[in-house]
Amino acid sequence: MKNYAYFCNVKTEGKNSQCGNTFKSLFYSPCRRGRDNKKTDRSMSSHDGKKTIKAMIDYSISMFKNNLNSNAEPKAYARAQMRSVVGLEELAEHITAHNSKYNEGDVYAVMVEMVHCMREFLLDGHKVQLGKLGAFSPAIHSRGAESLADFTANNIKSLTVNWSKGSQFINLKDDAEFNFVPTRAAQELLKKAVKAGETTVDLSVLDAVDVPAAPVQEGNVTITAVANTPAMGTVTGGGSYVSGATVTLKATPNAGYTFVSWSNGKTTPTITVTATANATYTATFAAEQSSGSGDGGNGGALGDD
């Protein structure tokens, strides 16, 4: 495996890899100190999971339509508002501040190499279990064939990774407190009003957005993408996804046909949807219209007759 000896100094198949002890020392130290290496009441939960200090999660609420039931009234749902994106550098700095005997550069290097090694194992057909973080496994997404005999490797459209959440990530609600904040859209409206010298903000323009309601709290979500008539075109992107993932669906018409629309009303061949609930998206295709044959009349559609 790539560069394993650099960190482990032993063969990967060995049972007593030094790398395991290194990871335990790096990531298993209790979180007791903040960035300035001083004790703080704002520290996060301990890495061993035995002591937890509740953290604050910002959330906003919006009205959401239900793509699975167009007749249903929109309902109010919450969405977490991210304060920032924590990268590997910041995570390494944070771990080092928690009494780790390794410096920030060592921690960063191990995490970078861990990403490479995980990718190698996944591409070799293995499931990677990372303790309480959970398990990572390869997932194949393919285009359906008319029969088992017709299916070939060319039907495989993508190879992605599924994350099965570990025990500490299934539901974090009991370890969190929640702080209500305006949505990003509402904040933008407020900024515009302030710059324009206005004293009021019209929030009625924030209509319900067209995303599935009833979000799934845990487990995978199945997104099914099909063509109304398989002979007219193909659809890709369907499969099993982690709840909350962004999914790209693409409809490609066969020769002599054209894409019309998706069952959710979208008219572009490529769309993105959020995997919050099991859902089916149907792409509608139709025969192309031929041009007139010199008499100025409209050409008829290419049909079966």
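Here a student and an author talk through how the terms used for this predicted model are backed up by its values.

Reader: Let's start broad. How many helices and strands are there in the protein?
Author: There are five helices and 13 strands. Remember that the model is predicted. Of its 305 residues, 24% are buried.

Reader: What makes D58 count as buried or exposed?
Author: Buried means under 20% relative accessible area. D58 has 13% relative accessibility, so D58 counts as buried.

Reader: And R83, why does that one get its label, buried or exposed?
Author: The cut-off for exposed is over 50%. R83 has a relative accessible area of 54%, so R83 is exposed.

Reader: Why is the pair R83 and D58 called a salt bridge?
Author: The definition asks for a side-chain nitrogen of Lys or Arg within 4 Å of a carboxyl oxygen of Asp or Glu. In this pair the closest N and O atoms are 3.2 Å apart, so the pair meets that cut-off. As background, side chains of opposite charge can pair when their charged atoms come close.

Reader: What makes you say that this pair links distant parts of the chain?
Author: Look at where the two residues sit: R83 is in the loop between β2 (75-80) and α3, while D58 is in strand β1 (residues 55-64). They are 25 residues apart.

Reader: How many salt bridges does a search of the whole structure find?
Author: Two. One of them joins E188 and K191, with the closest N and O atoms 3.6 Å apart. That value is within 4 Å, so E188 and K191 qualify as well.

Reader: Where do E188 and K191 lie?
Author: Both are in helix α5 (residues 184-195). They are three residues apart, which is about one turn of the helix.

Reader: Why are E188 and K191 called partly exposed?
Author: That label covers values between the 20% and 50% cut-offs. E188 has a relative accessible area of 40%, so E188 is partly exposed. K191, at 46%, is partly exposed too.

Reader: What about E177: which residues does it touch?
Author: Leaving out residues up to four places away in sequence, E177 touches K54, A55, M56 and I57. E177 has its place in strand β6 (residues 176-180). With a relative accessible area of 41%, E177 is partly exposed.

Reader: How far apart are the C-alpha atoms of E177 and D58?
Author: They are separated by 8.7 Å, although the two residues are 119 positions apart along the chain. On the scale of the whole protein, take the contacts with a separation of 6 or more: 53% of them come from residues 24 or more positions apart.

Reader: Which residues make the nonpolar surface patch?
Author: V86, L88, L91, Y108 and V115 make it, and the patch has an area of about 380 Å². Helices α3 (88-96) and α4 (104-123) each supply at least two of its residues.

Reader: What makes L88 eligible for a patch?
Author: A patch residue needs over 30% relative accessible area. L88, which lies in helix α3, has 31% relative accessibility, so L88 passes that cut-off and counts as partly exposed.

Reader: How do you know that β8 and β10 pair?
Author: Pairing takes at least two bridges between strands. Four bridges join β8 (residues 233-236) to β10 (residues 245-253), so these strands pair, and they run antiparallel. T234 stands opposite T252 in β10. On to β12 (residues 270-275): β10 and β12 share six bridges, again in the antiparallel sense. There, T248 stands opposite T272.

Reader: What makes β8 and β12 the edge strands?
Author: The open sheet has the order β8-β10-β12. β8 and β12 each pair on one side only. The twist averages 20 degrees from one strand to the next.

Reader: Which strands form the open sheet that includes β4, and why do some stand at the edges?
Author: The order is β3-β4-β5, with antiparallel pairing. β3 (128-129) and β5 (156-165) each have a single partner strand, so one side of each is left without a neighbour in the sheet. Two bridges join β3 to β4 (residues 134-142), so that pair just reaches the required number. V128 stands opposite F136 in β4. Helix α4 packs on this sheet, touching β3, β4 and β5.

Terms used: Residues are numbered from 1 along each chain as its sequence is written. This is a predicted model: local features need pLDDT of at least 70, side-chain atom pairs count only at pLDDT 80 or more; totals for chains, interfaces and linings use all residues. Side-chain values use heavy atoms; hydrogens and water are left out. Patches are made of residues with over 30% relative accessible area and no salt bridge: like charges are joined within 9 Å, nonpolar side chains (Val, Leu, Ile, Met, Phe, Trp, Tyr) within 5 Å. Accessible areas come from the Shrake-Rupley method with a 1.4 Å probe; for residues, only the protein chains shown count as cover. Buried means under 20% relative accessible area, exposed over 50%, partly exposed in between (1.4 Å probe, protein chains only). Contact means heavy atoms within 4.5 Å. Axes are lines fitted to C-alpha atoms, for helices over the stretch in contact, and angles run from 0 to 180 degrees between N-to-C directions.
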